[in-house]
Amino acid sequence: APVAAPVAPGVAPGMAPGMAPGAVPYGLEDIRDKKRVPLPTTDGTGIYGFDDALGGHHGHLGYRWDQYKRMRYAIEENEGGLEKFSRGYEIYGFTETDEGIWYREWAPGAHSASLIGDFNGWNAGSDPMTKNEFGTFEVFLPNNADGTRAIPHGSKVKIHLLTASGEWQDRIPAWIKFATQDPGAIPFDGIYYSPPEEERYKFKHARPRKPENLRIYEAHVGMSSEHPVINSYVDFRDNVLPRIKKLGYNAVQLMAIQEHAFYGSFGYHVTNFFACSSRCGTPDELKSMVDRAHELGLHMIVDIVHSHASNNVNDGINMFDGTEGQYFREGPQGYHWMWDSRCFNYGSWEGMRFLLS
């Protein structure tokens, strides 16, 4: 169905409080070099030159192209362009300024929310969040008197929500960058990941030049060990990447990088879309693995899942604010019975921001 642009985005366009123009969060430094994505200006018929059979579907393909163009122009007008729109992580989730930490979460169906975690003794009354007219909750946590962050690196966090159904639920933030599972425990916990500067991995090697031909080795880090264990980013870096290079490949396609509570899903039941799988290590260990690949001249392709999400309501984003339709289609169209998963609503403005980011 056609998608209408919102009256205004969920927060002020492009606003990331406390961030200097052009600044980006830790771990995403390379997007500074991204170019503005040009708006579509053609009639979309050029694709027919690749396959004569497509001409028989020109009516429907033309409709889809028109919808795409309308949405692109709406994003340009309301958000300042597709590239800026796709940087929702500069606004949502946890963002740091010199003065403290902002936490924002889009949960339009929820009635109230507060941030809880190790840092405040899991007290739901300590850090209540305010909700704006677009359904975005936010809270600011100023630095401690000694200048340290209010939330220590590595500590557990969740959002305490009064959902649309009137139930109180504790959920992992949708934009969390790291989530872990305690030994012997079933649920995952959101982790505030912001290591000290001296512990942050710094890239040393540029991306390899574009090859004339790609020779892709598809890999699953967890399943790559010679031993009956879940392998780590570090072991893959040190022992598997050199073997891939020696075999003559010039690119590695990595499966199951996004966090997934059910390991048997091979990573296709994603629960935390902005977090790398903690079974294999930390975000900084993943960065070191990618850097080693670049050192070896290997391109790294990450297999990202955008089509559906885990049905898990404890660890993922399903029913996050208590409604079926926050990120997903409602009713049968929102449920993939063969995968037991939820299907995204690509017509949702904030859903698009989430997936494009």
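Which residues does Tyr327 touch, not counting residues up to four places away in sequence? In this predicted model, the contacts of Tyr327 are Trp106, Ala174, Trp175, Ile317, Phe344, Asn345, Gly351 and Phe354. Several of these names return below, and Tyr327 therefore serves as the point of entry to this account of the structure.

Tyr327 belongs to the largest nonpolar core, which has 39 residues. Together with Phe94, Ile151, Ile317, Phe344 and Phe354, Tyr327 is among the residues with the most contacts inside that core. Two or more residues are contributed to the core by each of β2, β3 (112–117), β5 (136–142), β6 (156–162) and α5 (349–356). Another core, of 19 residues, lies apart from the largest one, and its members include Tyr233, Cys280, Leu296 and Leu298. In soluble globular proteins, nonpolar side chains tend to be buried together.

Tyr327 also takes part in the aromatic organisation of the model. The structure holds 19 aromatic pairs. One of them is formed by Trp175 and Phe274, whose rings are stacked, at 4.6 Å centre to centre and with 20 degrees between the planes. Because Trp175 lies in the loop between β7 (168–171) and β8 (179–180) while Phe274 is in strand β13, this pair ties together parts that are 99 residues apart in sequence. Trp175 is buried, at a relative accessible area of 4%, whereas Phe274 counts as partly exposed at 21% relative accessibility.

A second pair, Tyr268 with Trp339, has a ring-centre separation of 6.1 Å and planes at 65 degrees, so the arrangement is edge-to-face. Tyr268 sits in the loop between β12 (258–259) and β13, and Trp339 in the loop between β16 (335–336) and β17 (341–343); the pair thereby links distant parts of the chain, 71 residues apart. Tyr268 is partly exposed, with a relative accessible area of 24%, and Trp339 is likewise partly exposed, at 40%.

Ring pairs also join Tyr92, Trp106, Trp175, Phe273, Phe274, Tyr327, Phe328, Phe344 and Phe354 into a cluster. Tyr327, Phe344 and Phe354 are thus named both in this cluster and among the residues with the most contacts inside the largest core. An aromatic ring is involved in a further arrangement at Trp102, where the charged end of Arg104 sits over the ring, 4.4 Å from its centre.

Attention now turns to the strands. An open sheet of 4 strands has the order β1-β2-β5-β4, and its pairing is antiparallel. Its edge strands are β1 (93–96) and β4 (130–131), each of which pairs on one side only. Strands of a sheet pair through backbone hydrogen bonds, either parallel or antiparallel. Between β1 and β2 (residues 100–106) there are 4 bridges, and a hairpin of 3 residues connects the two strands. Within this pairing, Glu96 has Ile101 of β2 as its bridge partner.

Thr95 is found in strand β1. Is Thr95 buried or exposed? Its relative accessible area is 5%, under the 20% limit, so Thr95 is buried. Beyond its neighbours up to four places away in sequence, Thr95 touches Tyr89, Glu90, Gly100, Ile101, Trp102 and Arg104. Among these contacts are Trp102 and Arg104, the two residues of the charge-over-ring arrangement.

The loop between β6 and β7 contains Glu167, which counts as partly exposed at 46% relative accessibility. Leaving aside neighbours within four places in sequence, Glu167 is in contact with Leu161 and Leu162. Glu167 and His111 are 56 residues apart in sequence, with a C-alpha to C-alpha distance of 9.9 Å.

The final element considered is helix α4 (residues 283–295). At 1.5 Å a residue, its 13 residues should span 18 Å, and the end C-alpha atoms are 18 Å apart, which agrees. The helix is mostly covered, with 10 of its 13 residues buried. Those buried residues are Pro283, Asp284, Leu286, Lys287, Ser288, Met289, Val290, Asp291, Ala293 and His294. The elements that cover them include α3 (233–246), β11 (251–255), β13 (272–276) and β14 (299–302). Strand β13, one of these covering elements, is also the strand that holds Phe274 of the stacked pair. Just after α4, Gly297 takes a positive phi of about 80 degrees.

Methods. Residues are numbered from 1 along each chain as its sequence is written. This is a predicted model: local features need pLDDT of at least 70, side-chain atom pairs count only at pLDDT 80 or more; totals for chains, interfaces and linings use all residues. Side-chain values use heavy atoms; hydrogens and water are left out. The expected span of a helix is 1.5 Å times one less than its number of residues. Buried means under 20% relative accessible area, exposed over 50%, partly exposed in between (1.4 Å probe, protein chains only). Contact means heavy atoms within 4.5 Å. Rings of Phe, Tyr and Trp (its six-membered ring) pair if their centres lie within 6.5 Å; planes under 30 degrees apart count as stacked, over 60 as edge-to-face and the rest as tilted. A charge sits over a ring if NZ of Lys or CZ of Arg is within 6 Å of the ring centre and within 35 degrees of the ring normal. Two strands pair if DSSP finds at least two bridges between them. A nonpolar core is a set of buried Ala, Val, Leu, Ile, Met, Phe, Trp, Tyr and Cys residues joined through side-chain atoms within 4.5 Å.
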